[in-house]
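Visitor: I should like to be taken through this model, beginning with single residues and moving on to helix packing. Please reason each answer through to the value or name requested.

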Amino acid sequence: MEGRDDVFDIEIDAYIHCVSAFVKLAQSEYQLLTEIVPEHHQKKTFDSLIQESLDNLIMEGDNIVSAARKAIIRHDYSAVLTIFPILKHLKQMKPEFDQVLQGTAAGTKNKLPGLITSMETTGAKALEEFADNIKNDPDKEYNMPKDGTVHELTSNAILFLQQLLDFQETAGAMLASQETSSSASSYSSEFSRRLLSTYICKVLGNLQLNLLSKSKVYEDPALSAIFLHNNYNYILKSLEKSELIQLVAVTQKTAERSYRELIEQQIQTYQRSWLKVTDYISERNLPVFQPGVKLKDKERQMIKERFKGFNDGLEELCKIQKAWAIPDMEQRDKIRRAQKTIVKETYGAFLNRYGNVPFTKNPEKYIKYQVDQVGEMIEKLFDTSA
């Protein structure tokens, strides 16, 4: 069964063919007419002959615009993408249109420019509303991914921007048409490209603000950091995989570096969640033992508490963070590896120092893990199947 989008594509395709067919038929109609009708009646006769077909063509175009407008009111912004191929085609055909309609009444000549203006205005309005919607998307509480993965808003926004890439000139000109009162031909394609770049940067800026506000829904700052890391990383990778990064760079040269810094900041915030585990076994505040000197009760108690605190913290974090997600395998491995190194080194030094100190009659109760076992536990983070 064909989806709504497929049907819509067929409609657009059919309309584009109709536009071309109208021009061809009008040209041959005029050719024929010059051979039959006296010269002083030709323009007027031609005007009335093509009127019905032209009206139907324009009406069909208006219907497409109004369908797009209705969809936009429902916040279905992808509908505006249906206007782009038509607008692009109408602009390409405009010189031929103008030529074939030379000498017809002003009302006839202005029908196509009127449709083009209406499409540009609708499109530009939709683009602006899309950018605002990305900023104000109200869906904070209900739709937050429990595992901190990429938010639907992020993937939808990037998909929309990627689809704009197929119609860069049309989209740029659409935005430019709202900026300047001069005629469509007087602004340069460089001006349009800058406007489109500014627009894309605005959408990305709005998305970043919204993600920041959404991340506050998580009670755990580490999960909040994983969520932001995943989303920023997804945005950067998507920009790099498409031409979007070149477009962004037209007005924001350092965008790539900024995203890398944001990603790195979130990794550091996440790593802080492990401090409460490693703090138990870090060298600070630990007594120095002389070999052969009997331990005091207080010292034995302190070592027991350190082992217990580390074990409990390690188990709790591994259990919680196993259920979180980092979809990008490279990033997932990098974060795990860094964490593993820090924790194993700290625990290894602690074990070396106190593993053979007689602080308990039941060492297996406190020394629950060997260094490699700790590494294996961290290796299972961000993996629900582990």
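Visitor: In which loop does S282 lie?

Guide: This is a predicted model, and the answer is to be read in that light. Helix α12 covers residues 275-278. S282 belongs to the loop between α12 and α13.

Visitor: Is S282 buried or exposed, and what is its relative accessible area?

Guide: A residue counts as buried under 20% relative accessible area. S282 falls below that cut-off and is therefore buried, with a value of 15%.

Visitor: Which residues is S282 in contact with, leaving aside its neighbours within four places in sequence?

Guide: One partner can be followed along the chain: R306 is 24 residues from S282, and the C-alpha atoms of the two are separated by 9.3 Å. R306 also takes part in the meeting of α13 with α14. With sequence neighbours within four places left aside, the contacts of S282 are R306 and T346.

Visitor: How are helices α13 and α14 oriented towards each other, parallel or antiparallel?

Guide: Helix α13 comprises residues 297-322 and helix α14 residues 329-354; their axes lie 12 Å apart, at an angle of about 155°. Angles over 145 degrees count as roughly antiparallel. The crossing of the two helices is left-handed. The orientation of α13 and α14 is therefore roughly antiparallel.

Visitor: How many residues of the contact of α13 with α14 are nonpolar, and how many are charged?

Guide: From α13 come I303, R306, F307 and F310, and these meet V343, Y347, F350, L351 and Y354 of α14. No polar residue is found in this contact. The division is eight nonpolar and one charged.

Visitor: Which kind of aromatic pair do F307 and F359 form?

Guide: The whole structure holds 12 aromatic pairs. In the pair of F307 and F359, the ring centres are 5.4 Å apart and the planes stand at 10°, so the pair is stacked. F307 is in helix α13 and F359 in the loop between α14 and α15, so parts 52 residues apart in sequence are tied together. Both F307 and F359 are buried, and the kind of pair they form is stacked.

Visitor: Which residues do ring pairs link into a cluster with F307?

Guide: F350 and Y354 are among the α14 residues that meet α13, while F359 lies in the loop between α14 and α15. Together with F307, the cluster linked by ring pairs contains F350, Y354, F359 and Y366.

Visitor: What is the angle between helices α5 and α8?

Guide: Two packed helices are described by the angle between their axes and the distance between the axes. For α5 (residues 111-136) and α8 (residues 189-215), the axes are 7 Å apart and the angle is about 20°. That makes the two helices roughly parallel, and their crossing is left-handed. The angle asked for is about 20°.

Visitor: How many charged residues are there in the contact of α5 with α8?

Guide: The α5 side includes E128, D132 and K135, and the α8 side includes K202. Eight residues of the contact are nonpolar and three are polar. The number of charged residues is four.

Visitor: What is the phi of F382?

Guide: F382 is located in the segment after α16, and F382 is buried, with a relative accessible area of 6%. Although F382 is a residue other than glycine, its phi is positive, near 60°.

Conventions
Residues are numbered from 1 along each chain as its sequence is written. This is a predicted model: local features need pLDDT of at least 70, side-chain atom pairs count only at pLDDT 80 or more; totals for chains, interfaces and linings use all residues. Side-chain values use heavy atoms; hydrogens and water are left out. Axes are lines fitted to C-alpha atoms, for helices over the stretch in contact, and angles run from 0 to 180 degrees between N-to-C directions. Helices (H or I, at least four residues) and strands (E, at least two) are DSSP runs, numbered from the N terminus. Angles under 35 degrees count as roughly parallel, over 145 as roughly antiparallel, 65 to 115 as roughly perpendicular and the rest as oblique. A crossing is left-handed if the near helix is turned anticlockwise from the far one by less than a right angle, and right-handed if clockwise. Contact means heavy atoms within 4.5 Å. Ala, Val, Leu, Ile, Met, Phe, Trp, Tyr, Cys and Pro count as nonpolar, Asp, Glu, Lys and Arg as charged, and the others, Gly among them, as polar. Rings of Phe, Tyr and Trp (its six-membered ring) pair if their centres lie within 6.5 Å; planes under 30 degrees apart count as stacked, over 60 as edge-to-face and the rest as tilted. Buried means under 20% relative accessible area, exposed over 50%, partly exposed in between (1.4 Å probe, protein chains only).
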